[in-house]
Structures are given as structure tokens and as C-alpha cells.
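Reader: I'm new to this structure and would love a close look at a single part of it. Could you pick one spot and walk me through its surroundings?

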Amino acid sequence: MPFALLLLGLAVFAQGTSEFMLSGLVPDIARDLGVSVPAAGTLTSAFAAGMVVGAPLVAGLARRWPRRGALLAFLVVFLAVHVVGALTGSFAVLLATRVVGALANAGFLAVALVAAAGMVPPDAKGRATSTLLGGVTLACVAGVPAGAVLGELWGWRAAFWAVALVSLPALFAVARSVPGGAAEGEPPALRGELRSLRHPRLLVTLLLGALVNGATFCTFTYLAPLVTEVTGLGSAWVPGVLALFGAGAFLGVTAAGRFADRRPVPVLVGGGLALGAGWCALALGAGHPAVALALVFAQGALSFGVGSTLIARALYAAQGAPTLAGGFATAAFNVGAALGPWAGGAVIGAGLGYRAPVGVSAGLVALAFLVAGVAARKRERTVGPETLRA
């Protein structure tokens, strides 16, 4: 993989830490700012909602910008809003910083996905995607638990300061190593790219990605209270549990990157079935520490393995939209990241307890299989079974 691609992964690590770290800080933020735990959980939804809106919008605006300049601008804004978030005493201001930070993150990731795909041969998009998303999984392994430790020792604001500090070397790395020009040649007409994005196979892939990611975030956002209130482990266990999920995620993305280009169907079908079964098992076995810890690791691996493969398939299906594909893939997956925490907070707020979001995650994966089955049947009727198998 090109060295510049690894440096893009460093920036994604800082941004992934910010996106995911609230799963270990939600109770502390709720107490400090005087809001409920579900209300504090909406900070994750707000971040995801900002990425949903920002990814396609910013990708469209930045399609003619030099890629290095666009990436640097997004990183500067991202760093600045974390400084504001660390200083504020207002939940409303913190919520606003999450939205603005998400817009910057969305723009960065949309441009970075397209840039990463352009750095490798046409048949290696899956490996490029897994390398870039390796920064996200490393955020789960190291950044998010470290944020939880900082929150435990010095309060949640310390985690925001840490993200700002980690963003600085990423800023210098991108400035020195990412190619400065725009994409080669004139970008395709915007109308033509938007028309390509309406292809049924792409739309189904994006919907499946939203459902799988929604399942991931529905449970992950409330993993800290699940561990402390249901599993019965102390708060000191939370960073370790988050690291365990992240270690599984890193393993899942790494393994999926080897097969996403050549054998995506076994990854998606087999991994998806195991993912749904795992959420059901966690909902039932969360009260047993050994079972819960094993399943946290497994679900991290399965969630990110299946999710990264779906992102790669979306990039393949959107070859007619080379400058907008990353933005729309980012947006679709963050639809799930916005709806998942909202759904988890809703069932908790309804008094169903901290196991309930895990059950919702299982339901979302089941819905993904239903959508995939309906789409396959419809396509078979349209093109015929022999063409479908071909």
C-alpha cells in the first residue's frame, strides 16, 4: 500500500477516536452537563447526522479542489471544534461542535476514500478501503479506550483535548505526504455522476451498509452502561472492553481486506449470519462476564469486517461517480450511525433496560438480510437466474 495511504489512515484514526470515544464518556458527560444518558447519547447521533448531510454535500463542493488542500482544510476545522468542545460548559454548544466536527470529518473521509481508491490498481479497492478504515479500528483499539481512561482520571474534557493534540501530527503528515493535485483530467459532469448513483445495486448496497452500521452503533454507543449495569463489571473495566471491541474490529477489517475484492459474497453472507447470531447471543448472555467479553470481541470483528466489505462493494458499484462515491458511501453508513444510537436510546428511555439496544442490533441485521433477499429475487426476475449466476 502507498505510504501516503497509511498517513491518511493516521488522520482517520484521530477522527475515528472522536466519533467513537463517546461510548465510554456518555455517563460522565450526562452527569457533568446535567442531561440524561439517552440525551448524551444523541451526541453520537448528531455526529453521524452531520456526516450524513456533509459527506455528499462537501464531496460535491470539493470535487474540483486540490485534494491535499481540501484534506488540510477539513483537518483544521476538525481540530478547532474539539478545542471549543473541551472548553464549553453548555450541552447545546457541545452538540453544535459535534455537528460541525462531523461535517469536517465527512468531507475528509469522502475525499480520502476517493484518493485512496486512486492510489491503487482498479481491482484493489477493497484493500485500499480496509487500509484506510484500519485507522478507525485502531481508534477503537487504542484511541477510544485511552479516551475512556482520560475521562476516568481527569474528566471527559481531557479526551477532547487529546483528540485535538493527535490531530496535529496528522495535519503535518498530510501536508508533507499526500499529493497536492486534484484528480487527473476533468471530473465527470455532476449530473452524470448523480445519475450513476441511482443504480439499483448501489442503492441496495448502501442501504445494507446503513443497516449493518446502525446495528453496530446501536450497541456500541451504550456499551459502557451495558458492561457496568448488566454484566456487573466496574467502570474501570470499560476502557478494556472498548479496546477488546476495537481489537476485534481491527482483525475483522484486516481479514475482510484480503477477501473483499475476490470473494465478497462469502464474507457478506457468512459474516452477516454470524453477526446477527452474535447480537442475539449477546442480548441473552450479557449478564455473564466471560460470555459478554468473548462476544464483544467477536461482534467487533464481524461488524467491521462486513461493514468494510460493503463499503468496498459500494465503491465498485459507483465507478460512474468517481468523485462522489466516497461521499455517498460515507453518508449511507452514517445514516446507520445516526439511527442506531437514537434507536438504542429510545428503547432505554422506554424502560426496557440496557440489553434492549443489543436486541435492536439483531433486528437491524435481520432486516438487512430481508432487504438483500428481496433485492436478489427482484433482480433474478429482471435478468434471469442464469445471468444472475454469471
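Author: Happy to! A wide view helps before we zoom in. This is a predicted model, and among the contacts in the protein chain between residues at least 6 apart in sequence, 86% join residues at least 24 apart. The chain has 16 helices and zero strands. Of its 390 residues, 54% are buried.

Now let's settle on one residue, histidine 82. You'll find histidine 82 in helix 4, which covers residues 67-87. Is histidine 82 buried or exposed? Histidine 82 counts as buried because its relative accessible area is 3%, under the 20% cut-off.

What lies around this side chain? Within its own helix, a polar atom of the histidine 82 side chain sits 2.8 Å from the backbone oxygen of phenylalanine 78. Leaving aside residues up to four places away in sequence, histidine 82 touches Ser18, Arg98, Phe160, Val163 and Ala164.

For contrast, let's turn to open space. The largest pocket holds about 1200 Å³ of space. Its lining is made up of 30 residues, and those nearest the centre are Arg201, Val204, Thr205, Leu208 and Ala372. Helix 9 (200-220), helix 12 (264-285), helix 13 (289-317) and helix 15 (356-383) each supply at least two lining residues. Helix 15 gives the most, with eleven. By type, the lining of this pocket divides into 22 nonpolar, four polar and four charged residues.

Finally, the outside: the accessible surface of the chain comes to about 15600 Å², and 69% of that belongs to carbon and sulfur atoms.

How values were computed: Residues numbered from 1 in each chain as written. Predicted model: local features only at pLDDT ≥ 70, side-chain atom pairs only at ≥ 80, totals over all residues. Heavy atoms only, no water. Helix = DSSP H or I, 4+ residues; strand = E, 2+ residues; numbered from the N terminus. Buried < 20%, exposed > 50% of the residue type's maximum accessible area, 1.4 Å probe, protein only. Polar contact = N/O pair within 3.5 Å; in protein donor to acceptor, adjacent residues only side chain to side chain. Contact = heavy atoms within 4.5 Å. Areas by Shrake-Rupley, 256 points an atom, 1.4 Å probe, with all protein chains shown as cover. 1 Å grid on protein atoms, 1.4 Å probe; cavity = no way out; pocket = protein on both sides within 12 Å on 5 of 7 lines; lining within 4 Å. Points joined across faces, edges and corners; volume = space filled by probe spheres on them. Nonpolar A, V, L, I, M, F, W, Y, C, P; charged D, E, K, R; others polar.
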